[in-house]
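Tutor: Let's go through a structure together, one question at a time. Have a look at the picture, then ask away.

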Amino acid sequence: MSPGDDTETATKSAPSLFNKCHKFFDKSGDYAKTKDADLYPYFRPIERNEGTSAIMNGREIIMAGSNNYLGLTADPRVKEAARDAVAKYGTGCTGSRFLNGTLDLHLRLEERLADFMGKDEAVLFSTGYMTNEGVIQALAGRNDIIFSDKDNHACIVQGTRVSMADTQRYRHNDLDQLEKLLKRASEDRPDAGKLIATDGVFSMSGKIARVPELVELANRYDAALMLDDAHAIGVIGPGGRGSASTFGLKDDVDIITGTFSKSFSSLGGFAVGDHDVIEFIRHEASAHIFSASMPPANTATVLKCLDILEEEPERLERLWEISDYMRDGFRNLGFDVWDSETPIIPVVIGDMNTCFQFWRDLLDNGVFVNAVVPPAVPPGQTLMRTSYMATHSNDELDKILDAFHKVGKQHGVIGSNGHAKTN
Ligand code: PMP
């Protein structure tokens with residue numbers, strides 16, 4: 001065969017591995033149908049972001065679907081800190097903490113976080129996801145047992161998989177079931193190391209974990225207790241110190257993890273705990289050792305947000321006031337908001353089609369929220385996950401409630417008199 005003569009070249013057929021990918025985009029599938037109807041609520045670009053307001057599709061919307069709890073992503077002081085860090089250290093670290101990627105800024109932030117959380121030591125990771133995955137992978141192995149709440153975030157689940165430990169999942173917040181599992185494990189495998197891992201605040205329901213009972217079970221069955229406080233630090237507890245502090249139990253929880261992608265307006269994550277445990281994680285977590293460190297701007301952003309959090313405690317008070325106002329507001333309109341206790345307020349919608357149409361109608365009324373569908377929630381319990389910032393104005397909050405009232409009536413989620421439908 002000569003060059004250019006392709007008559008005998010076998011055309012490579014698509015590998016069967018990709019069949020599922022093509023099937024996903026099939027014209028009759030859910031994805032294509034929602035996309036064609038312009039109801040697909042995910043991956044929507046934001047063209048400009050000012051915190052509580054943003055531009056999407058050329059139109060101004062009120063943002064009620066972020067995790068920007070303190071509203072600091074648009075704060076001029078925070079932006080300036082990020083710019084100064086770029087000027088001094090450049091745009092990226094180009095290496096892991098282990099090698100060339102440690103800055104004095106990282107050490108300052110670790111010290112500051114350990115201090116803030118009242119623990120011996122802190123270790124940084126480049127995302128919150130990597131933090132939980134890395135901590136669990138470093139601490140638990142084949143001979144250990146992990147007890148994990150069924151509603152835990154995906155990165156805890158991923159950590160349990162990577163660790164290869166025996167993972168036993170208990171029903172959401174069902175501490176009777178957890179105790180049974182702990183008891184059986186203690187009898188059958190008394191030498192196995194045990195870790196209880198749970199979200200401190202659950203990301204969809206806005207519910208706080210039952211920390212006092214978890215501490216008691218951990219003590220009784222010689223288990224380590226780890227709380228993922230991604231939605232708790234900078235949000236709940238004295239000074240925003242998270243779920244363990246809410247109950248005055250920070251000394252009784254072994255490891256607390258957090259993220260910088262929510263209250264701290266940045267990207268990255270951290271774990272705090274006793275010196276030996278954190279130093280061990282620093283040397284054993286693959287996600288820490290084999291991935292580049294937090295960029296300078298992200299690190300400086302968190303330090304500035306910590307300053308503001310400590311200097312302006314009224315931000316937290318405002319956030320809690322707003323959360324109460326919105327919870328009451330939704331309930332008065334007749335919506336079911338489960339038993340949220342934080343600025344995450346889920347609004348139950350029902351079936352999948354109504355959910356997507358509801359989401360789209362809210363957007364057309366100038367409000368952005370997150371549509372949550374199974375498997376993140378049980379079938380028939382789709383949600384509009386709403387979440388609030390300390391910087392939302394009263395006017396913005398009322399506009400959000402008005403939009404929900406209008407769209408809720410339109411779709412029969414609430415009755416025409418603005419009360420929950422009983423059937
Ligand atoms: N834990 C929880 C409970 C979360 O909700 C999230 C993010 N949504 C993470 C961890 C991961 O954090 P990050 O986005 O910073 O990677």
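Student: Is Asp 336 buried, exposed or partly exposed?
Tutor: First, this is a predicted model, where local features need pLDDT of at least 70 and side-chain atom pairs count only at pLDDT 80 or more, while totals for chains, interfaces and linings use all residues. Residues are numbered from 1 along each chain as its sequence is written. Now the cut-offs: a residue is buried if 20 or more other C-beta atoms (placed from the backbone) lie within 10 Å of its own, exposed if 12 or fewer, and partly exposed in between. Asp 336 has 16 other C-beta atoms within 10 Å, so Asp 336 is partly exposed.

Student: Where along the chain is Asp 336?
Tutor: You'll need the labels: helices (H or I, at least four residues) and strands (E, at least two) are DSSP runs, numbered from the N terminus. Asp 336 sits in the loop between helix H13 (314-333) and strand E11 (344-350).

Student: How far apart in space are Asp 336 and Pro 346?
Tutor: Along the sequence these two are 10 residues apart. In space, C-alpha to C-alpha, the distance from Asp 336 to Pro 346 is 8.1 Å.

Student: Which residue in the loop between H13 and E11 has a positive phi, near 50°?
Tutor: The one you want is a residue other than glycine, and with 18 other C-beta atoms within 10 Å, that residue counts as partly exposed. In the loop between H13 and E11, phi near 50° belongs to Trp 338.

Student: And Phe 43, is that one buried or exposed?
Tutor: Phe 43 is in the loop between helix H2 (30-36) and strand E1 (48-49), and its phi is positive too, near 60°. Inside 10 Å there are 5 C-beta neighbours, so Phe 43 is exposed.

Student: What kind of peptide bond joins Pro 374 and Pro 375?
Tutor: Pro 375 lies in the loop between strand E13 (370-372) and strand E14 (382-387). Omega is about 10° here, and the bond from Pro 374 to Pro 375 is cis.

Student: Which strands are at the edges of the open sheet?
Tutor: Two strands pair if DSSP finds at least two bridges between them. The open sheet has seven strands in the order E4-E10-E9-E8-E7-E5-E6, with mixed pairing. Each edge strand pairs on one side only, and the two are strand E4 (121-125) and strand E6 (166-170).

Student: Which residue in E6 stands opposite Asp 149?
Tutor: Strand E5 (residues 145-149) pairs with E6 over five bridges in the parallel sense. Opposite Asp 149, in E6, stands Tyr 170.

Student: Why is E9 described as largely enclosed?
Tutor: In a regular strand, side chains alternate between the two faces of the sheet. For E9, Ile 255, Thr 257 and Thr 259 are buried on one side, and Ile 256 and Gly 258 are buried on the other. So E9 is largely enclosed by the rest of the structure, the number of its five residues that are buried being five.

Student: Which residue in E10 is opposite Gly 258?
Tutor: E9 runs parallel to E8, joined by three bridges, but E9 and E10 pair in the antiparallel sense over four bridges. Across from Gly 258, in E10, you'll find Phe 270.

Student: Is H14 parallel, perpendicular or oblique to H15?
Tutor: Axes are lines fitted to C-alpha atoms, for helices over the stretch in contact, and angles run from 0 to 180 degrees between N-to-C directions. Helix H14 (residues 352-364) and helix H15 (residues 394-410) have axes that come within 10 Å and cross at roughly 140°. Angles under 35 degrees count as roughly parallel, over 145 as roughly antiparallel, 65 to 115 as roughly perpendicular and the rest as oblique. That makes H14, relative to H15, oblique.

Student: Which residues of H15 make the contact with H14?
Tutor: Two residues are in contact if their C-beta atoms, placed from the backbone, lie within 7 Å. H14 brings Phe 358, Asp 361 and Leu 362 to the contact, and H15 brings Ala 403, Val 407 and Gln 410.

Student: What is the angle between helix H3 and helix H12?
Tutor: H3 covers residues 76-89, H12 covers residues 296-311, and their axes are 8 Å apart. The two pack at an angle of about 145°.
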